[in-house]
Amino acid sequence: MFRNILSVGGFTLLSRLAGFIRDVVMAAVLGAGPVADAFFVAFRLPNHFRAIFAEGAFNAAFVPTYARLREQDGIQRARHFADEILTAMMIVHAVLLALVLAFTPQFVALLAPGLSDDPERYGLAVALTRITFPYLALISVATLASGALNASGRFAVPAAAPILLNVCMVGTLSAAALFPTAGHAAAWGVLISGVAQLLAVGTDAQRSGIGLRFSRPTLDPGTRQFLKALGPAIIGSAGIQIALFADTIIATFLPAGALSALYYADRINQLPIGVVGIAVGTVLLPEMARRLAAKDDIGAARAQARSVELAALLAIPFVAAALAVPDLTMRALFARGAFTAADAAEAAATLQAYGTGLLSFVVVRAFIAPFHARGDTRTPMIASLTAVAINVALKFALMGALAQVGLALATAIGGWINLGLLILFALRQGLPVGDEKLGGHLGRLAVVLVVVAAALLGAQHAAGRLVPAGAWAREEVILGLVVVAGGLFYAVAVASLLGRGFIAGVIGRRAL
């Protein structure tokens, strides 16, 4: 499991690094003005639906069912189940795509109503959405193939495929002069990447003997269980996306640039969530499903505990940086070209607000996995919807005084509420929440977080005095020095406060 987490996390890290290059290019080419806002609306809309119908709900229902069928009935039965789901999925997406393309103006007006008062941004958002939305169908099929590969113990190609999104967008943005606007260039990059990702995972599935074919859907026991789990999973995932939709909708009523500040702050915030949180959840779900099917409840609880500890351990540097040095981070990474220092300051304040809830989002999948591995998607749905209701209410309460920073802070609070409810519901159902060592280890990890945050603040102050004003790439040099110093303090704190035994336990080794 640890090797698989490293594989998924490693490729996801490469994807995020490629995404950073993409964002640097996009910030320089698009800036934070009307064209950028229109593209971010067009980019977010298919991604919201993807998170509902593909990565979120679909994996929660599909992976445990596929893994169980493969374990109990063999690969052929599992493949037939996947073929049936593929056919049903394509029918649903064909209808959805036809409706969106036919009613794109109404669709954009419904989900980004603030743009209606700005004809330039609204018209451009409509045009770009018609380009980006087919990406949803392509990536949904790729997600199905990825889920089958993950349930079969193959994680590398599905984790590496998202790199293609960044490569394609950098390619089209580099040739932005050939398109009507830079927003059109970015939108075509999104669509092209959908084709590339589907080809990548589809080819790997074919080579692995999991090739997908169209097959008439039937309501056999496997499909019925999948559908039973899918309904609550869709509602739960939709709840999360409602909160993100609320960000998009509310931000369209804020001054120009608010959407861009949310986007760039969220890109940094999503780095540990993707590299650590999603990697842990992707590997833990089939691992727990397999152990529970084998009646190894103790092993399943131990796998969850070590996953939570690993996720928290790896997330600490990101959380500390978001809380302690957000301004330096945003200036060094994005303040160039059309992205000004003022834009960086707005994004930094937003990042700091996101940072208060970052740890909850990193570990939450490890607390959802025990429910999904048992086929229970209803309980996480209840937790998610409750948290989302509070989240959205807080967004409206905080947007007036804090603008987009209030939106990010409400998101952070909602994350902690969701995590707390999952733990409470698990205890009420008599499900183990990790093992007896988890609580003590998390307490020591909290001390490590405080030490690293303090080290980053001190290193920023010292580096600022060391590097003279007006020096070439001053912010980038200061950030590099802060990263090195923070990394050293992180290593020392982990070694002194946690010790070799803790690290050995997390990675499943008796001794290093």
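Biologist: Happy to look at this one with you! Where is the place of Ala-473?

Modeller: Glad to help, and keep in mind that this is a predicted model. Ala-473 has a phi near 55°, a positive value in a residue other than glycine. As for its place, Ala-473 sits in the loop between helix H18 (438–466) and H19.

Biologist: Thanks! Is Ala-473 buried or partly exposed?

Modeller: The relative accessible area of Ala-473 is 22%. Buried would need a value under 20%. Ala-473 therefore counts as partly exposed.

Biologist: And what is phi of Ala-403 near?

Modeller: Let's place the residue to begin with: Ala-403 lies in the loop between helix H16 (378–402) and helix H17 (404–428). With a relative accessibility of 23%, Ala-403 counts as partly exposed. Most residues other than glycine have a negative phi. In Ala-403, however, phi is positive, near 55°.

Biologist: Good to know. Now for helix H19: at roughly what angle do the axes of H13 and H19 cross?

Modeller: Helix H13 covers residues 326–334 and helix H19 covers residues 474–497. The crossing of H13 and H19 is left-handed. Their axes come within 8 Å, and the crossing angle is roughly 130°.

Biologist: Why are H13 and H19 described as oblique to each other?

Modeller: Their axes cross at roughly 130°. Roughly perpendicular covers 65 to 115 degrees, and roughly antiparallel starts over 145. The angle fits neither class, so H13 and H19 are oblique.

Biologist: How do the residues of the contact of H13 with H19 divide into nonpolar, polar and charged?

Modeller: H13 brings Leu-328, Thr-329, Arg-331, Ala-332 and Leu-333 to the contact, while H19 brings Glu-475, Glu-476, Ile-478, Leu-479 and Val-482. Grouped by type, the residues of this contact are six nonpolar, one polar and three charged.

Biologist: Let's turn to salt bridges. Which residues are linked with Arg-22 in a network of salt bridges?

Modeller: The side chains of Arg-22 and Asp-23 meet in a salt bridge of 3.4 Å, N to O. Arg-22 counts as buried at 2% relative accessibility, and Asp-23 counts as buried at 2% too. The network links Arg-22 with Asp-23 and Arg-267.

Biologist: With which residues is Asn-166 in contact, leaving aside its neighbours within four places in sequence?

Modeller: Asn-166 has its place in helix H8 (residues 163–174). At 4% relative accessibility, Asn-166 counts as buried. Beyond those sequence neighbours, its contacts are Ser-15, Ala-18, Gly-19 and Arg-22.

Biologist: Nice, Arg-22 again! How many residues apart are Arg-154 and Asp-204?

Modeller: Arg-154 forms a salt bridge with Asp-204, the closest N and O atoms being 3.1 Å apart. This pair links distant parts of the chain, with Arg-154 in the loop between helix H6 (135–151) and helix H7 (156–160), and Asp-204 in helix H9 (residues 182–207). Arg-154 is partly exposed at 37% relative accessible area, whereas Asp-204 is buried at 8%. Along the chain, the two are 50 residues apart.

Biologist: One more, if I may: what is the N to O value where the side chains of Asp-296 and Arg-291 meet?

Modeller: Of course! Asp-296 counts as partly exposed at 28% relative accessibility, and Arg-291 is also partly exposed, with a relative accessible area of 24%. Their side chains meet in a salt bridge, with an N to O value of 2.9 Å.

Note on methods:
Residues are numbered from 1 along each chain as its sequence is written. This is a predicted model: local features need pLDDT of at least 70, side-chain atom pairs count only at pLDDT 80 or more; totals for chains, interfaces and linings use all residues. Side-chain values use heavy atoms; hydrogens and water are left out. Axes are lines fitted to C-alpha atoms, for helices over the stretch in contact, and angles run from 0 to 180 degrees between N-to-C directions. Helices (H or I, at least four residues) and strands (E, at least two) are DSSP runs, numbered from the N terminus. Angles under 35 degrees count as roughly parallel, over 145 as roughly antiparallel, 65 to 115 as roughly perpendicular and the rest as oblique. A crossing is left-handed if the near helix is turned anticlockwise from the far one by less than a right angle, and right-handed if clockwise. Contact means heavy atoms within 4.5 Å. Ala, Val, Leu, Ile, Met, Phe, Trp, Tyr, Cys and Pro count as nonpolar, Asp, Glu, Lys and Arg as charged, and the others, Gly among them, as polar. A salt bridge is a side-chain nitrogen of Lys or Arg within 4 Å of a carboxyl oxygen of Asp or Glu. Buried means under 20% relative accessible area, exposed over 50%, partly exposed in between (1.4 Å probe, protein chains only).
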